[in-house]
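The exercises below ask you to read strand pairing, burial and ring geometry from a model, and each is followed by a solution in steps. Try each task with the structure in view before reading on.

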Amino acid sequence: DLDRELNGHVTYYLQQFTENKFSLDVSSGQLSVTGNLDRELTERFILCVTASDKGHPPLSSSMNITVIVTDVNDNSPAFTHSTYNITVDENMPRGADLLQVTATDPDKSINGQIRYSVASEDFHIDSVTGLISVAGNLDREKTPLCSFTVIASDHGSNPRSGTATVRVKLRDPANQCETTVMVTIVSPTDKGMPSLSSGVKANFLITEENKFAPKFSTLEMTFSIPEDQAPGFVIGRLTASDNDQGVNGLIKYSIASGNDKGYFTVGNTTGLLSLVESLDFEMDSFHVLQIYGQDAGWISKTGSLNVLVQVEDVNDNPPRFCNTIFFATVAENSPCGTEVLKLNATDVDTGLNAEINFSIDDGHTDMFAVDQQSGIITVQEILDFEMLQFYEITVRAFNLHDTDHFSLAKVYINVTGENEYLPQFSKAHYNFAISEIAPKGTIVGYVTATDRDLGCDGIVNYLLVANSKKRGFKIDGNTGVIVVSDNTKLCGGSFTLLHVLAKNAGIIYGFDVDEALINITLLDVNNPPVFKSSIYQTHIREDVLVGTSVITLMAEDSDTVPEWNQLLIEIEDGNTNQSFSINPNSGVVLVASPLDRETLPVYNITIIAFDSGQTPATGSTQLVIIVDDVNDNGPILVTTKGYVTENQPPGREILALNATDLDLPPNQGPFTYQLAHEDSRSFFTLSPMGVLTTKKLIDREHITELYLPVMVQDSGTPPMSSMGTVHILVLDQNDNPSHISYVLMIKLTIPASFNTLPPKVFFFSNSCLKCSQMIPLQQPPSGNKHEFSVPSAGFFKYIYIRLYCIALYNYL
């Protein structure tokens, strides 16, 4: 005991009853024998010794001491009978078996091994089995009764021996009964032609009447035999008597029933019951045999004997665990004596041979103990999950009286943790710095807390509490990493203070957490100017004067450094034709050049604001200027051509005019139409809605086409108007008789100096065959006057067009 004084003073005592065989010195621990020991009664003693100190309270520990009693040769072999009597015929041949004797010795090993001997020249005994046989000539006339001593000796260093007397009575087989022999010749003959026959000689032994049946001395006999007895062992002699003489008195022995598995055999003439196969007490603890003794009479008679062979159990089976591997779980800090597991083992033997004890053979014997009788494993020392989470021990199940029979099993004990420690931060205050414009997701830093528990109880969770959750930061609950979650300017000032907790999983119950403060300094940077809106939209009339104010744009800068909050504003992109300008200080947008909605109706302008820093910070916005329409465009006549058949009556509708306007409603239609010249009004009437109708008959032979000037006016304020021309072609109607048409082909000879001039085609009317005024080919025909330009080379054939003939010239 490592303690001092009384706390380290050790005394010893025996816990269990020892039958006054042993004593233990209280002070020295000397174990002594105080009583006589007899191995044949008790071969093994298991003593439970307890060592206890004298502290308050006293502490103790126990251990088992196994005392094995060794054998000495203190027992002599003893025969099962002190005298053996047997009657046999004289003149039995040498080697004939007569009798088997049996002796036992309770000593162990060589002290209990027996050898047999006999002091006679006429008889021999097998030194191992005890089987006595004839060794000389037996003569009833010389020695009617032979008596000799059989000796059984052990193999001890100082051999001990025991004796028995064997009496052999000789009888004359000739005088057992009177017999008569009768000889008969038997000749069977067949019925063949000729018949054939053969003969045989039959001898009949005539005996006296078989009056008596063999009779055993008792109706039942009982033998006991250990289950580990080797085959060949003679269990005992079964003897029956028959009062008849001669063959009628000769008895043969047999097993009638009960020997289905062939464990036993019986001597036919000797009646010796022997073991043939090994016995197993666990399969059959006893065998009931019916033995017949049958005489040799002509009509044989039988006597029976019931033999009960009791198989004695020997410790030939070790205890066996129900499993070779056991698993158990126990919580750390469990008090000593806490049950961990109950072992279960069985032994198919019986009695003392089936009594099972348990012990721990190997492993953590200092941490666990097992109850020797119940097999309950208990905690012997305080377990610490953080030190060791897994234990392995080897347990033994054995017979108390024969420790050579045992089995082993493994027990794996898993220690579960208890939440016995609290999380603890590595320090109470953390300081970090981060840019005030750090974007969301930026890592600020991390905090660390540890928990001495292992497993799930050692997992630390982090959380921000109270207003710390609303200051633009968040913490990863598992890693302790702090990141930006919102605009850091929301917290105000140049720093923010966060309150963080470290806890285990589950509900917070009070003081089961640790706390820390996190001071985050917000580093000032040159922030870009910010417009009040990311996009502006305004309208302006297209007819406004240059220099007109359109909109005022304002930008702000939260920086405190003077150079960082002095802003200038300018147009960066989208100012097509430099239509607008902006005052860099006031942000007023002005019209810089005339606007035309029909050319560019919308301006998408990028406006930037920048400070005066060494590296200017820039902010931007979009300005959308929509140019509103004014009535600055006259209508455009779309319908410019029409057709009318000659001789149409007045009021016939021939055309509906249509116009368009580049302006937007209401500066477009509905449009108002009117004919501009008085000459046109003599032929047609034009309604304000643009419907053109005939006013009188038109003769195509006199008028082939008309050009009508039309004025179109829109609905704008003030209204705008424009002039257009409508070309009306007069279509022919078959209203004149047929005339012969003449074709005049004129070939001109043109001087070489005029070869560069293009050739001309002349049209001639039927009435006058003189050349008319020439009109270019590209223009439509008008009356009888035409001029056409043709390619400068080639041959042209005649072309007929209604009443006209075209004469083509070909010149080279």
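**Exercise 1.** In what order do the strands of the open four-stranded sheet lie, and which are the edge strands?

Solution. The model is a predicted one, and in it the four strands of this open sheet follow the order β36-β43-β42-β39, with mixed pairing. The edge strands, each pairing on one side only, are β36, residues 429-435, and β39, residues 461-464. From one strand to the next, the twist averages 30°. To see one of the pairings in detail, begin at β36, which runs parallel to β43 (residues 513-523) and is joined to that strand by seven bridges; one residue to look for here is I434, whose bridge partner in β43 is L522.

**Exercise 2.** Determine in which sense β34 pairs with β27 and with β33, and find a bridge partner in each case.

Solution. Take the pairing with β27 as the opening step: strand β27, residues 325-331, and strand β34, residues 402-416, pair in the parallel sense over seven bridges, and T329 stands opposite N414 of β34. Then turn to β33, residues 390-399, which runs antiparallel to β34 and is joined to it by ten bridges; here V395 has A409 of β34 as its bridge partner. The connection between β33 and β34 is a hairpin of two residues. Finally, a charged end can be located here, since that of R396 sits over the ring of F406, 3.9 Å from the ring centre.

**Exercise 3.** Which side chains of β32 are buried, and which strands pair with β32?

Solution. Follow the side chains along β32, residues 376-379, where they alternate: I377 and V379 point to one face and are buried, whereas I376 and T378 point to the other face and are not buried. Next, trace the pairing with β28 (residues 339-342), which is antiparallel to β32 with three bridges and places E339 opposite T378. Strand β31, residues 368-370, likewise runs antiparallel to β32 over three bridges, and there V370 stands opposite I377. Between β31 and β32 there are five residues, the two strands forming a hairpin in whose turn G375 has a positive phi of about 75°.

**Exercise 4.** Which residues have the most contacts inside the largest nonpolar core, and which strands each supply at least two of its residues?

Solution. The largest nonpolar core has 26 residues, and those with the most contacts inside it are L343, F368 and I377. At least two residues of this core come from each of β27, β28, β30 (356-363), β31, β32, β33 and β34. Consider next the surroundings of L343: with neighbours up to four places away in sequence set aside, its contacts include F321, F326, F358, V370, I377, V395 and V411. Another core, of 24 residues, lies apart from the largest one, and among its members are F79, A96, L99 and F123.

**Exercise 5.** Classify the ring pairs F321 with F358 and F368 with Y391 by the angle between their planes.

Solution. Of the 14 aromatic pairs in the structure, begin with F321 and F358, whose ring centres are 6.1 Å apart and whose planes meet at 45°, so the pair is tilted. F321 belongs to strand β26 (residues 320-321) and F358 to strand β30, so this pair ties together parts 37 residues apart in sequence, and both residues, F321 and F358, are buried. For F368 and Y391, the centres are 5.3 Å apart and the planes lie at 80°, so the pair is edge-to-face. This pair links distant parts of the chain, with F368 in β31 and Y391 in β33, 23 residues apart; F368 and Y391 are both buried. Elsewhere, one aromatic cluster is formed by F425, Y430, F432 and Y462.

**Exercise 6.** Is F684 buried or exposed, and which residues does F684 touch?

Solution. F684 is found in strand β58, residues 684-686. The relative accessibility of F684 is 1%, which lies below the 20% limit, and F684 therefore counts as buried. Leaving out residues up to four places away in sequence, F684 touches, among others, I654, L675, L692, I698, L706, L708 and I728. P650 is 34 residues from F684 along the chain, yet their C-alpha atoms are separated by 8.5 Å.

Methods
Residues are numbered from 1 along each chain as its sequence is written. This is a predicted model: local features need pLDDT of at least 70, side-chain atom pairs count only at pLDDT 80 or more; totals for chains, interfaces and linings use all residues. Side-chain values use heavy atoms; hydrogens and water are left out. Two strands pair if DSSP finds at least two bridges between them. Axes are lines fitted to C-alpha atoms, for helices over the stretch in contact, and angles run from 0 to 180 degrees between N-to-C directions. Buried means under 20% relative accessible area, exposed over 50%, partly exposed in between (1.4 Å probe, protein chains only). Contact means heavy atoms within 4.5 Å. A nonpolar core is a set of buried Ala, Val, Leu, Ile, Met, Phe, Trp, Tyr and Cys residues joined through side-chain atoms within 4.5 Å. Rings of Phe, Tyr and Trp (its six-membered ring) pair if their centres lie within 6.5 Å; planes under 30 degrees apart count as stacked, over 60 as edge-to-face and the rest as tilted. A charge sits over a ring if NZ of Lys or CZ of Arg is within 6 Å of the ring centre and within 35 degrees of the ring normal.
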